[in-house]
Each structure stands twice: as structure tokens, then as C-alpha cells.
Amino acid sequence: MSQPKFGQTIQAPDALRTRVGSGRMGGIDPAAIAKAEAALKSLSGNFAQWLDDEIANLENVRATVRSEGPSPENMESLYLRAHDLKGLGATYGFPLVTRIAGLLCRLIDDRSKRLEAPMALIDAHIDAIKAAVRDGIKTDDHPVGNILVKELESRIEKFGA
């Protein structure tokens with residue numbers, strides 16, 4: 001093989017294109033995407049109920065933490081419920097819930113500090129999630145959503161999480 005000359009373009013084989021195909025959005029069929037979007041839209045009528053169910057699960061774990069105390073198992077359950085909401089809030093049309101649940105996860109993410117997390121701050125996150133859904137506050141662009149997020153972030157920073 002000869003050495004390339006200065007300014008000469010060398011065409012490298014496009015291994016990715018040969019693996020995923022070409023011409024159809026990198027190998028993804030646009031019809032399949034449209035079908036998936038239609039399926040998601042048809043399910044969107046259930047989102048409010050599913051979000052309420054997820055919040056009820058979080059509320060039930062909070063009640064357990066209050067009644068039994070913040071054991072490693074109870075706090076792990078609380079973390080997992082918050083993590084579920086973090087992943088689902090935006091899907092259900094409430095990016096603010098995703099953001100607040102993410103802050104709660106940040107607060108109790110470190111297993112070595114979970115038991116030290118102030119219950120009042122945990123309550124503030126859960127109550128903020130419930131209020132956002134109850135009042136239809138979907139994003140932190142909303143004045144109340146913005147204030148909630150900033151206040152919770154400030155308190156988490158003071159706690160050191």
C-alpha cells in the first residue's frame with residue numbers, strides 16, 4: 001500500500017454502516033418508530049393513574065420508614081421508589097417529578113449516609129412531588145416548580161449530598 005500524499009483523502013471503510021444498514025435512519029425503520037410513538041400515545045391516557053400509583057408506592061414506603069424507623073432495608077426501598085419516579089416522571093408528562101425525585105435520590109444515594117438523611121427533608125421532597133402532580137405543575141419553568149427545585153437543591157447542599 002502506498003503512503004498517502006499530503007492533502008490526499010483516505011476513505012476508511014464504514015464498518016458501522018455495514019452493521020446497521022444505511023438509508024433508513026441508521027438502520028432503524030421509520031415505520032417502526034411511528035408505530036412505537038402511536039403505541040405510547042395510546043397508553044398516555046393511563047399515565048395519570050400510573051403516576052398516582054407510583055406516588056402511592058413512595059408514600060407507603062415513607063409510612064414504613066416513619067413507623068419502623070430508617071433501617072437500611074426501608075431506606076433502600078425509599079431510594080428505589082424515588083428512583084422509579086425519577087425514571088418515569090417525564091414519561092408520564094411531569095419532568096418536574098423526575099427532577100424532584102432525582103434530588104431525593106441524590107439525598108439518599110450514599111448508603112453510608114442514608115440513615116442520617118433528615119426525615120423532614122425527605123418529607124419535603126415527597127410532598128413536593130405530590131403537590132406538583134396535584135396542582136399540574138409539570139416543569140421547573142413554572143414559577144412554583146422553579147422555587148421548589150431551588151429550595152430542595154439548597155437544602156440538599158446544606159446537608160452535604
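In this predicted model, helix α4 buries N74, M75, L78, Y79, A82 and L85. The arc that these residues cover around the axis is only 140°, which places them on the same side of α4. The face turned away from that buried side carries P72, E73 and G87, which are exposed. In length, α4 comprises 17 residues, and the distance from its first C-alpha to its last is 24 Å, close to the 24 Å expected at 1.5 Å a residue. The buried residues of α4 pack against α3, α5 and α6.

One of the buried residues of α4 merits separate attention, namely N74. Its relative accessible area is 10%, and N74 therefore counts as buried, the cut-off being under 20%. Neighbours within four places in sequence aside, N74 is in contact with V61, T64, V65, E68 and G69. Of these contacts, V61 and V65 are among the residues buried in α3, whereas E68 is exposed. G69 follows α3 and has a positive phi, near 95°.

These contacts lead to helix α3 itself, which runs over residues 47–68. Its 22 residues should span 32 Å at 1.5 Å a residue, and the end C-alpha atoms lie 31 Å apart, so the two values agree. The buried residues of α3 are F47, L51, E54, I55, L58, V61, R62 and V65. Because they cover an arc of only 115° around the axis, they fall on the same side of α3. On the other side of this helix, A48, S67 and E68 are exposed.

The description may now be widened to the nonpolar core. The largest such core has 34 residues, and I108 and I122 touch the most other members. Two or more residues are given to this core by each of α3, α4 (72–88), α5 (95–108), α6 (119–134) and α7 (143–159). The largest share, nine residues, comes from α5.

Which residues is I122 in contact with, leaving aside its neighbours within four places in sequence? They are M75, L78, L104, L107, I108 and A117. Two of these partners, M75 and L78, belong to the buried set of α4, which returns the account to the helix with which it began. I108, another partner of I122, is the residue named together with I122 as touching the most other members of the core.

Methods:
Residues are numbered from 1 along each chain as its sequence is written. This is a predicted model: local features need pLDDT of at least 70, side-chain atom pairs count only at pLDDT 80 or more; totals for chains, interfaces and linings use all residues. Side-chain values use heavy atoms; hydrogens and water are left out. Helices (H or I, at least four residues) and strands (E, at least two) are DSSP runs, numbered from the N terminus. The expected span of a helix is 1.5 Å times one less than its number of residues. Buried means under 20% relative accessible area, exposed over 50%, partly exposed in between (1.4 Å probe, protein chains only). The arc is that of the directions from the helix axis to the C-beta atoms. A nonpolar core is a set of buried Ala, Val, Leu, Ile, Met, Phe, Trp, Tyr and Cys residues joined through side-chain atoms within 4.5 Å. Contact means heavy atoms within 4.5 Å.
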